[in-house]
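Reader: Mind walking me through this one? I'd like to start with the sheets and then get to the chain contact.

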Amino acid sequence: MGQPNKSIHFQEDTTLQLFDLLDQLVASDLPLIYSESRIPNQQVQLKAGMYSIKALISLINIDGLELTEKNESYVLTYTSPRKNYVYSGYVRDQSSGEVLIGAIVFVDSTSFSITNSYGYFSIQTDQEIDSLSAQYLGYQTTQHSAKKGSQSILLWPIKTALKDVTIRAYSVAELQHQALPGSHQLDYDEKGDIPYFMGEIDVLQETLMLPGIKTLGEDASSIHIRGGNNDQNLILLDEAIVFNPNHFFGLISIFNPEAVNQVQLLKGYIPAEYGGRGSSIISVKQREGNYQKFSGAGGIGFVSGRLLLEGPLARDKASFLVSARQSIFDLSTNRFDRNAIRRSRTAFQDLNLKANWRVNKNNTVYLSTYLGNDRTKSILEQTNRWGNNTATLRWNHLWNDNVFSNFSAIFSDYNYRVVDPLEVASYIGRSEIQNINIKYNTEWSISERSEIKFGTQLLWHKLSPGERLPFDTLSSTIPIVLDAENGLEHGSYISHSWQIHEKLSLQYGVRFTGLSTFGPGPVFSFEENKERLVDNISDTTYYGRNEIIDRFLRAEPRVLITWRPDGHRTIKAAYTRSQQYLQLISSSIIPAPTDTWKLSNRLIDPLQVDQYSLGYYQGSANQQWQWSTEAYIKFSRNLIEYKNGANLILNPIQETELLIADGRSYGLELMARKLTPPWTGWVSYTLSRSERRVRSDFAELQINDGAYYPDNHDKLHDFTAVIKYQPNQKWSFSSALYYNSGRPITFPSGKYEINGQLVTDYSERNQNRISDYHRMDLSCKWEPAGSTEKKWHHAWAFNIYNVYARKNAYTYLFRSSKTNPRSTEVVSYSLFGTAIPSITYNFSF
Amino acid sequence: MRKLLLILFPLIICACQQIIDIDISDNNDLVVIDGFLSSRDTSHVIRITRTVSFSSQQLSPPVTDAEVTVFYSENEEIQFLHTSEGRYESNSFILQASVPYRLQVILTNGDTIVSENETLKPAPAIDSLHYFSIDIPDPNIPRQTLERYYPVIYGVDAAHIKDFYMWNVFRNDTLLSTPQELILIEDRFFNGNSFRNEFTSFLFDEDDEIKLEVLMISKNAFSYLSQFKDQAINQNLNQPTNPNRLLGNLQNQSKPSEYVLGIFSISNSRFFSKKVESP
């Protein structure tokens with residue numbers, strides 16, 4: 001046995017092969033054990049000198065070479081270092097070149113990536129691979145040869161897919177594992193398969209079929225997600241904020257279905273890159289347009305007509321999309337009452353424009369705009385006009401295969417205008433909210449198990465809460481222009497996704513947000529220990545232009561833990577804190593176009609929402625079914641509530657009409673989906689509560705003596721079933737069934753007479769409920785034989801809304817009887833008391 | 001609110017209503033004071049009743065044995081005596097401008113109810129009453145129109161004073177008295193200017209007599225009546241808050257936590273009338 005500490009001496013600088021060096025060591029009686037077959041033979045350079053064996057091995061710069069001492073011998077081993085191979089790029093539609101958002105690209109069950117909002121993916125592996133597979137709803141799952149670096153993966157739509165290519169699809173459970181808890185990627189039906197009101201195809205209406213989402217009536221004008229107020233939903237169109245997403249009083253959304261690429265709803269865990277609203281994110285991405293050829297699509301129904309044109313500006317390099325929609329409701333009803341319609345009109349319009357330019361493989365630029373408006377003209381010559389306008393400029397840049405970034409500059413505007421020439425003081429009224437949004441986001445794929453996202457955002461708000469100007473020179477109106485509110489909202493975030501273990505992953509991050517409000521404008525102080533009334537204003541401070549009035553800084557931690565015990569089951573726990581610096585001031589319980597927004601200030605703290613959620617997700621082994629169960633509890637602070645008889649219209653000090661409330665909501669959401677045709681659909685059920693209580697030092701301002709009371713949208717049970725049957729390519733049938741508990745209402749506690757009028761007395765708020773709601777809709781779609789093979793594709797959709805003509809109560813009216821004024825009666829008021837049939841024609845070419 | 005209703009007009013035309021039978025368990029028993037005094041009258045009436053169950057077929061039970069007094073100036077007072085059905089009537093007196101009036105009611109159980117001070121505002125400066133014609137769809141004959149008429153008032157609002165107007169509209173001497181027909185206007189948007197008020201909600205035919213009463217009411221009364229109207233028209237539908245208990249300017253001094261419903265109001269009134277002539 002040799003001497004373990006024996007040294008070896010080199011008299012001069014030496015260059016030799018590793019195996020030769022090891023031979024010399026062994027020849028020097030060093031007790032060294034190694035195998036040439038397991039060690040790479042590389043060139044070694046040594047300077048002259050005396051070395052111990054440990055020092056010598058450490059000088060040999062070969063990663064993975066390791067010397068250990070065992071039983072007075074040295075054992076030399078080699079572990080091949082892990083290599084990182086990066087495969088990245090975009091997933092696109094084969095026929096149009098459009099990017100596919102949310103497509104899954106995978107090597108196996110542990111190496112996969114989901115395309116981001118721009119269709120980009122990045123996968124890292126420790127060994128070279130020959131192929132990548134990609135899967136997307138409605139597209140054939142296919143395998144593609146992989147190349148290191150950036151590439152495009154093209155997928156075929158199912159109807160034109162290559163039929164002889166079959167490949168293992170990602171299992172339902174694995175997809176659920178990837179999804180965020182409380183998130184839905186809306187498979188909205190753009191072909192009219194699922195029935196909606198008057199046969200219209202709609203994005204937001206489908207959200208009403210998902211668990212945890214409620215409305216006050218049957219329209220989508222007031223969407224309440226997991227107990228949140230309507231204004232707690234951040235609705236984005238190509239990242240631009242949409243302040244009023246509805247046309248036609250909430251029955252139709254502003255999103256032209258042909259122009260929509262993807263809709264994502266986040267209501268549970270909200271990643272740190274999103275902020276600004278308390279309850280949910282509804283992100284609508286417009287399509288890019290066809291990079292390959294000129295094409296179009298459209299449709300016409302009783303309510304609206306739609307047309308979309310798209311095509312390449314430069315083949316595979318640049319594309320455009322133009323989409324327009326015009327209401328024809330007036331024309332439809334004109335058949336029934338020409339005179340009335342000539343006097344009273346309702347109309348809406350949309351225009352979507354988009355252009356995209358793939359500058360090179362590392363840079364893509366997008367420009368999109370939306371212009372929309374609603375108009376009504378009453379028989380009394382009053383006209384109302386309101387609408388959203390947005391513009392988005394985005395620049396995607398790949399720093400390298402691992403680092404993706406996006407820069408966006410966005411403008412959003414919502415305005416309302418009313419002209420009333422017959423009012424006591426004829427006038428033109430207007431209110432508006434505008435914001436300019438600059439943001440920069442980066443996604444850095446560190447390794448196959450780790451990804452970091454970070455970014456920053458600046459959002460400039462300008463709110464013009466209202467003005468009222470004389471209609472003409474004869475008008476007696478006093479010009480009133482309320483002070484504008486100006487605010488700079490900012491948010492910076494960092495988040496880390498970490499696959500700790502094959503079964504355990506963690507996503508955590510924090511978003512730092514703030515708001516600074518600026519002059520010019522007055523700030524009112526009120527006398528201490530007195531109700532906030534105009535008569536109790538103690539001081540008024542005027543701030544100059546761009547002078548900071550108030551400043552808020554907040555942190556929003558977000559955490560998501562995912563545990564996947566096996567390939568079919570996933571458990572997720574999440575916590576999300578959100579701050580909201582902008583709240584809606586509504587002049588009615590139902591949102592109205594006249595509503596205005598208000599920035600947080602020293603009298604109205606930012607809304608803060610904390611949500612805890614826990615979810616269990618399972619997919620069937622045959623991939624035909626998926627089930628999910630989610631439970632949540634949510635606490636809200638600084639909700640806006642209104643004093644009794646609040647006077648909000650053109651009120652320069654709205655704070656005197658507002659109260660501050662706390663909220664709590666909790667619920668259990670169940671959902672089951674059948675995914676494989678011919679029978680598809682889903683069933684969802686929500687058991688939930690949503691309550692609030694008003695905080696006030698003054699007993700007379702408290703509601704229900706300061707106790708928690710049900711929110712207006714609180715509904716204990718909510719059930720939806722959607723069933724679709726497609727026996728062949730020609731026909732498809734579907735039905736949707738809705739049931740929910742009646743919403744809260746305040747019943748009278750008595751009655752009396754004043755000045756000859758019957759007055760109803762009310763006491764405790766929202767302690768009663770209107771009757772339960774249920775409805776069934778049916779739809780049938782007929783696509784003529786051979787239509788899909790022709791250049792001109794078309795289909796007819798037949799719908800019946802409210803099939804069994806249920807008179808669902810929208811509200812109850814308590815009034816004196818028309819037949820006997822001494823007695824009173826309760827009247828159930830329904831929006832739609834009958835079945836409404838409709839027909840829609842859709843086409844594409 | 002009218003604007004909101006016009007915006008929601010298309011929904012309203014699709015709507016339907018049906019009378020339903022639901023169980024409303026209510027049992028409150030609160031004092032109600034109906035104290036609208038107007039310069040149109042010389043003998044004034046204050047009515048005191050109690051609330052009754054909403055589903056009751058009876059009218060509000062009267063309070064018949066209260067002591068009712070209106071105080072004004074420094075130490076002047078007018079007694080109101082019970083006549084019938086909770087009606088308390090005064091001897092003839094004329095309301096005086098710029099004088100604070102205050103109501104006091106003492107119930108038999110000793111509870112004392114008092115109002116805030118109310119002051120008679122100057123008479124409204126209305127110049128004239130006219131009517132305009134409008135063509136509306138004939139409900140009986142498709143594609144035909146009817147020519148009808150609506151009243152238009154010209155007036156001048158007093159400068160530097162917050163004025164609150166209440167309008168009563170009469171057709172052939174019959175008051176149009178539904179909550180929708182209660183017209184309330186504040187001068188916030190035309191303070192100090194001449195104005196023209198078009199009563200487009202009131203349509204008259206040829207030979208009808210239009211009569212309008214304009215009352216200058218207090219801010220308290222305006223707020224109370226506005227809330228009443230909003231709740232009566234738009235119950236649970238288009239109002240900023242859920243329906244709530246209407247509270248005027250009355251307080252039970254003996255039991256401050258016990259609500260007193262109704263209001264004490266002093267208003268200045270003027271009448272205008274015109275007959276719709278053939279064109």
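Author: One term to settle up front: two strands pair if DSSP finds at least two bridges between them. Keep in mind too that this is a predicted model.

Reader: Take the open sheet of three strands in chain A: in what order do the strands come?

Author: The pairing in this open sheet is mixed. β3 (32-33) and β6 (65-70) of chain A sit at the edges with a single partner strand each, so one side of each has no neighbour in the sheet. That gives the order β3-β7-β6.

Reader: Which residue stands opposite Glu69(A) in β7(A)?

Author: β6(A) and β7 (residues 73-78) of chain A run antiparallel, and six bridges join them. Look along β7(A) for the one across from Glu69(A), and you land on Tyr74(A).

Reader: Now the open sheet of four strands in chain A: which strands stand at the edges?

Author: This sheet has the order β10-β9-β12-β13, with antiparallel pairing. An edge strand here has a single partner strand, so one of its sides is left without a neighbour in the sheet. The strands that fit are β10 (112-114) and β13 (142-145).

Reader: By how many degrees are neighbouring strands of that four-strand sheet turned against each other on average?

Author: Direction is ignored for this one, so to speak of a turn is just to compare the strand lines. For the sheet β10-β9-β12-β13 of chain A, the average is 25°.

Reader: And what stands opposite Val105(A) in β12(A)?

Author: β9 (residues 104-106) and β12 (residues 131-135) of chain A pair in the antiparallel sense, over three bridges. Across from Val105(A), in β12(A), is Ala134(A).

Reader: On to backbone oddities. Where is Pro520(A), the one with a cis peptide bond to Gly519(A)?

Author: Most peptide bonds are trans. The bond joining Gly519(A) and Pro520(A) is cis, with omega about 10°. As for its place, Pro520(A) is in the loop between β35 (504-518) and β36 (521-526) of chain A.

Reader: Which residue is joined to Pro678(A) by a cis peptide bond?

Author: Pro678(A) is in the loop between β44 (658-674) and β45 (679-695) of chain A. Omega for this cis bond is about 10°, and the partner is another proline, Pro677(A).

Reader: What is the phi of Asn638(A)?

Author: Most residues other than glycine have a negative phi. Asn638(A), in strand β43 (residues 625-642) of chain A, isn't a glycine, yet its phi is positive, at about 70°.

Reader: Now the chain contact. What is the area buried between chain A and chain B?

Author: The contact takes 90 residues from chain A and 83 residues from chain B. Carbon and sulfur atoms give 57% of the buried area, which comes to about 7600 Å².

Reader: Which residue of chain A forms a salt bridge with Arg245(B)?

Author: The count between the two chains is one salt bridge, alongside 18 residue pairs in polar contact. A salt bridge needs the nitrogen and the carboxyl oxygen within 4 Å. With the closest N and O atoms 2.9 Å apart, the partner of Arg245(B) is Asp761(A).

Reader: How many charged residues are on the side of chain A that touches chain B?

Author: Elements that each supply at least two residues to that side include α6 (338-343), β29 (383-400) and β56 (824-830) of chain A. By class, the side has 41 nonpolar and 34 polar residues, and the charged ones number 15.

Reader: Which residue of β1(B) is the bridge partner of Val827(A)?

Author: β56(A) and β1 (residues 16-20) of chain B run antiparallel, joined by five bridges. In β1(B), the bridge partner of Val827(A) is Ile19(B).

Notes. Residues numbered from 1 in each chain as written. Chains lettered and ligands numbered in written order. Predicted model: local features only at pLDDT ≥ 70, side-chain atom pairs only at ≥ 80, totals over all residues. Heavy atoms only, no water. Contact = heavy atoms within 4.5 Å. Buried area = accessible area lost by both parts, 1.4 Å probe. Salt bridge = Lys/Arg side-chain N within 4 Å of Asp/Glu carboxyl O. Polar contact = N/O pair within 3.5 Å; in protein donor to acceptor, adjacent residues only side chain to side chain. Nonpolar A, V, L, I, M, F, W, Y, C, P; charged D, E, K, R; others polar. Axes fitted to C-alpha atoms, helices over the stretch in contact; angles between N-to-C directions.
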